[in-house]
Every structure is written in C-alpha cells, then in structure tokens.
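Me: I'd like to learn how to read chain contacts, helix packing and a nonpolar core. Can you walk me through them?

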Amino acid sequence: MTQHLIVLPVVLPLIAGILLLYQRQGLVRYKRWVSVVATVLLLLASIALVTKAAGGEITYYALGDWQPPFGIALVLDRLSALMLLVTSILAVGAVVFACAGDDEKGSNFHGLFQWQLMGINGAFLTGDLFNLFVFFEVLLLASYALLLHGGGKARIQASVHYVVLNLAGSSLFLIAVGILYGATGTLNMADMAQRIGDLPAEREGLVTAGALMLLVVFGLKAAILPLYFWLPRAYASAPAPVAALFAVMTKVGIYAILRVYSLIFSDQAGSLSALEQPWVWWFGLATLAIAGVSVLAARDLRLLVAYLVLVSVGTLLVGIGMRTPQAVSALLYYLIHTTLITGALFLLAEMIGQQRGKTSTRLVRGRPMIQGAGLALMFFVGAIAVAGVPPFSGALGKALMLNAAEGDQRLWLWPLVLLSSLAALIALSRAGSTLFWRSHRGNASGKVLPRQQWFAVIWLMSAAPLMVIFAGPVSEYTQATAAQLADPQPLIQTLLHDAGDTP
Amino acid sequence: MEMLYAITTGVLTACGLYLTLRGRTFPVVVGLTLLSYAVNLFLFSMGGLTTDGAALANRDGHFADPLPQALVLTAIVIGFAMTAFVVILAMRARSEAGNDHVDGKKEIRE
C-alpha cells in the first residue's frame, strides 16, 4: 500500500473532482463535504509523504510499471514532499473559506478546485519534462475557469490577458521541450541530466537555447520582471479562495526553476552548468525593486497583496540566483512562510471588503466594521509577518536569506531586500490605518462573518507564530532539502539503476 | 524536404506571432492557433525527418522516432481544448465589455 502513496496526491483530487461533477448546481452540502474531506485526506497524505521523504530516501513511482527512463515516473524527494505539504495546508484553508458561500456564486467550483490541486501536485511530483508540461496545462485550465468563477467585467478582462499570455507561454514550453528532446534524445529529467554531461560540443548551443526558453516559460509562471504584468490584475480580481490558492501558483514556477536547473544543469553539466544563474539573479533583483515601488503605489488592499506576492517572488528568485545550498535552504523557509501568509491576506482582504460594504477593499475612508477588532488583529499579525518584522516568520526568513549572501552579492541583496521590506511596512501600515481607524462616524453595520472564514484565516495565519516556534525542525528540513538538491547524483542513480545502460 | 519543412514552420510562426500581437480578440485567437500548428510541426521534426519509416524499431534500422508523434498528439489535444476555451472567453469578453478589444477599451481611432 505504501508504495502507492506517491500517486495519491494526483489520483485523490482527480476522483474527488469527478464525483463533484455529478450536478452543476445544487447538492451544496454534499459537494462541500466531498471537497473538504478530499482536501483533508490530501493533507494527511502529504504529511505521510513528508515523513517518508524526511529520511533522505528518494523514491519513485513508475506509472504503468514502465521503468524510467522510458515511462513517466513520479519522483518523491524532500523538495517535492515539502511543496505538496505547503499546497495542501493552503488548500484546506481556501476550501473551508469557499464553503462560507463563495462556491455558490458560479458553477462547479469544488470540482475545478480539486483539479487545480491535481495539476499543482502533479507538477511537483513528476520527473518527466513533457509530463511537467501536461500538469502545467491541467493546473492552468482549471485556473482559467476558477479565475472566471462568479463572472464580472473585471475578471473577464483580467482572464483574457492571463489566458492569452499563458497559451503563448505553453507554445514556448513545447518548443523548448522539443529542442531539448532533439538535442539529448530523452525527456526524463534524470536521464537528461546524465546525458548532458557528455554532450557533443556542437549541440551545446541548442541546449542553451532550449534551457533559456524554458526559463522564460517558468519566469512567466513565477512572474519574473518583464513577464509579471498579468499578475496583479488577475490576482486582485480573482475570487478570494481562488486568489489564496493562486498564492502557490507562482511558487510552481519557482519550484520548476529550482528543479530543472539544479538537476539537469547541475555541476556535472560541464560548461552548461548554472547557465540560468546570472539571468535569475539580475532579473530577480529587478523584480524586487519594481515590486517594492508598486506596493507603495497600490490603492486597493487586494492589489497591495498581489504586489506583496511579487515582492516574495523577487526574494525567492534572488535566493535561486545565489545558487548555494545555504541560500536554497533560506529560500525554502521563506517560501513556506510567504505562500501561507499571502494566501491568508487574500482571504482577509475579502472579509474586510465584505464588512465594509460599498467601499470594499479600496483604501479610502469607509464605514466602521462590526468585527473590526478581530479583523484588525488578524491584519496586524499578517502585516508584521509579511513585511518581515520580528517576532514572526517573515523576519526569520528574510534574515536567513540575508545571511546566505556572500561577498559582492550582499552589496545588491541587502539594500533591495531591506528597502522592499520597508516599502511593504509603509504601505501596510498606511492601509491598516485607513481601513481600521479613518472610518466615518456612525454605527457599524453589515453582516457578521461566517465561522468558516475565521477558521480559514486563523488556520493560515497561525503559520506565522508556529514557524518561529518550530523554526529548528523546519530549517533542519530545508537545509537537508538544499543539500539533497545540491547533489543530484543519488536521484539519478535511484531512477536509472534498474534500467541498466540506456541506448 | 527539410527546406520546405523549415520554411513552413517559420512562416506559420511569423504569421501566428504577428496576429497574436494584434489588438482585437479574434486575430489573437487565430494567431494562437497558428502558433500552436507551428509548434506541433516543430515538435514533430525534433525526432528527425524520416520518410517511409515504420514507427517501430525494425531489423534494418530504418524507423521514425515514435515519441515526437505521441508528444504532438498530446499537444494537439490540449491545443484543441484551449482553443475552444479561448473562443468562448473572447465571446464572453465581447458581450461584457461591448467591444472586442483585448483591453476592453474602445479604440481612440478607428
């Protein structure tokens, strides 16, 4: 039974999604139960997978028992287990929040939600480059429909841009995969890593072109500087639970960069090793700078949170750009924190918008909120965590990142990370004082927020203190993960030793 | 044959790219479709161009690489679904915004 555990994060949402298609509308209670139970089961499966991977053993699941490099393999190592766990924790929060009423604003919310989870989990698990494309498409298709959930002019406009850009990105992905297949003759990432070591010199240019094109695609997903313009509008107009789940979508791009370039273009790749490093480093820094300015310019809480996602993307990218195990460990710690906290902030923005009525989340004087104290407390915790002020997880994550920089890198990294934190702090304190203090006189009105919404926000926000309390075990795990990524040989051997010599 | 193949792929890509950069949704959809055709052709050629070869390894060693064919099939299926979706989306955007500009704005000059 346990050897089938690896495929569970893909199969479970697939089956749940099919069950949830039974009727387009109606059966609300039944659908909510199925969706929540499936997501909680996914969380349990992810916890089991993390405990399995924590020992350092790399396991793979050969679909249809076609042994790698010929068949498609799902590979479980520390990094993919960690990403699965983060996704499922976020998904539990988002799905519970949606059960408060957001799921009934359109049709098939829960089914699409499960399929999006399937795509995300598959992308984290797969060990095959073309299969990565397929799972990207699965998660994108579900995300297109989820972004449109509930309708409205703003959402449709944002999704036209989002869909067209991602379709162009998919074409580029296929071209890149085609080039890499043509040059190396394999699609299995471990096999490709092995073959790139003894590549004929005349094919190096081809592989470089393919690899950098792949970086453009992943950069589009991760929202790196010249490719991020779709993000703020799409995230700000998406329904709250969807926006919260989207917090992990940019991290799928980050994960793909980390996986592909640490495995295929590792130190064993000769002259092709680390070919993405200067691009990721400089564009990451530029993303960070632009995001810091944009955060200050945002006039709406949702837009503000969307730009905070961009700040986190910039920080994560410079972590990859440093390309040392220490930096990777720091960025993984920061990744857990930022995914959960920005997810919580998207949910919180929706709750604040609901209580404020007509002014919604625009940062202008509005009516007082009846549950203002609770919301303000949550906002305070979230703002402190995301801006990186002690005592919460953001401070620790950024400190680890600053500590990982060496030599000249410090000159660029320290001012930019610290200034973007300052920008976030200014923008959030201004937003908070407008939302909670500068309200009109008069009685508070509006509806009391449902219990599910409070649960979801507290569930995600509790990551901020918990990640500080358990900083020891968490950072031990991320350090072990970084060490595993720095040495891809065990992974290659695990996947390929059964298959013998490949032709 | 290689020359013809390369020119076809190149022309399709160029047309697709040009149309994708247009301001109205219909040319953009057609452009994306052309782009996906070009990509499919490109993928197909990545196993090497073989004429009269079986898609299986046989004794005389003359065979076409079957893997790009499988990849193209997958890409075609996904591309089809995406085209259907983007057409519906463009129509929804047209009816919601009242015009077919990708930014949803009325153009200043016609």
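Me: How many residues does each chain bring to the contact between chain A and chain B?

Reply: Interface size is often quoted as the accessible area lost when the parts come together. Here we count residues instead. In this predicted model, chain A gives 20 residues and chain B gives 25.

Me: Which helices of chain A supply the side that touches chain B?

Reply: Helices α5 and α6 of chain A each provide at least two residues. The largest share, 15 residues, belongs to α6(A). By class, chain A's side has 13 nonpolar, five polar and two charged residues.

Me: How do α5(A) and α6(A) run, roughly parallel or roughly antiparallel?

Reply: Read the angle between their N-to-C directions. Over 145 degrees counts as roughly antiparallel. Helix α5 (residues 129-147) and helix α6 (residues 153-184) of chain A pack at about 175°, so they are roughly antiparallel. Their axes lie 11 Å apart.

Me: Which residues make that contact?

Reply: From α5(A), they include A:Phe130, A:Phe133 and A:Leu140. From α6(A), they include A:Tyr162, A:Phe173 and A:Val177. By class, this helix contact has 14 nonpolar, three polar and two charged residues.

Me: Which residues have the most contacts inside the largest nonpolar core?

Reply: A:Leu90, A:Ile257 and A:Leu347 do, in a core of 223 residues. Helix α14 (residues 325-356) of chain A contributes the largest share of this core, 19 residues.

Me: What does A:Leu347 touch?

Reply: Leave out residues up to four places away in sequence. Among its contacts are A:Phe97, A:Ala240, A:Val457 and A:Leu460. A:Gly93 and A:Gln453 are also touched by A:Leu347.

Methods. Residues numbered from 1 in each chain as written. Chains lettered and ligands numbered in written order. Predicted model: local features only at pLDDT ≥ 70, side-chain atom pairs only at ≥ 80, totals over all residues. Core = buried A, V, L, I, M, F, W, Y, C linked by C-beta atoms within 7 Å. Buried ≥ 20, exposed ≤ 12 C-beta atoms within 10 Å, placed from the backbone. Helix = DSSP H or I, 4+ residues; strand = E, 2+ residues; numbered from the N terminus. Contact = placed C-beta atoms within 7 Å. Axes fitted to C-alpha atoms, helices over the stretch in contact; angles between N-to-C directions. Parallel < 35°, antiparallel > 145°, perpendicular 65-115°, else oblique. Nonpolar A, V, L, I, M, F, W, Y, C, P; charged D, E, K, R; others polar.
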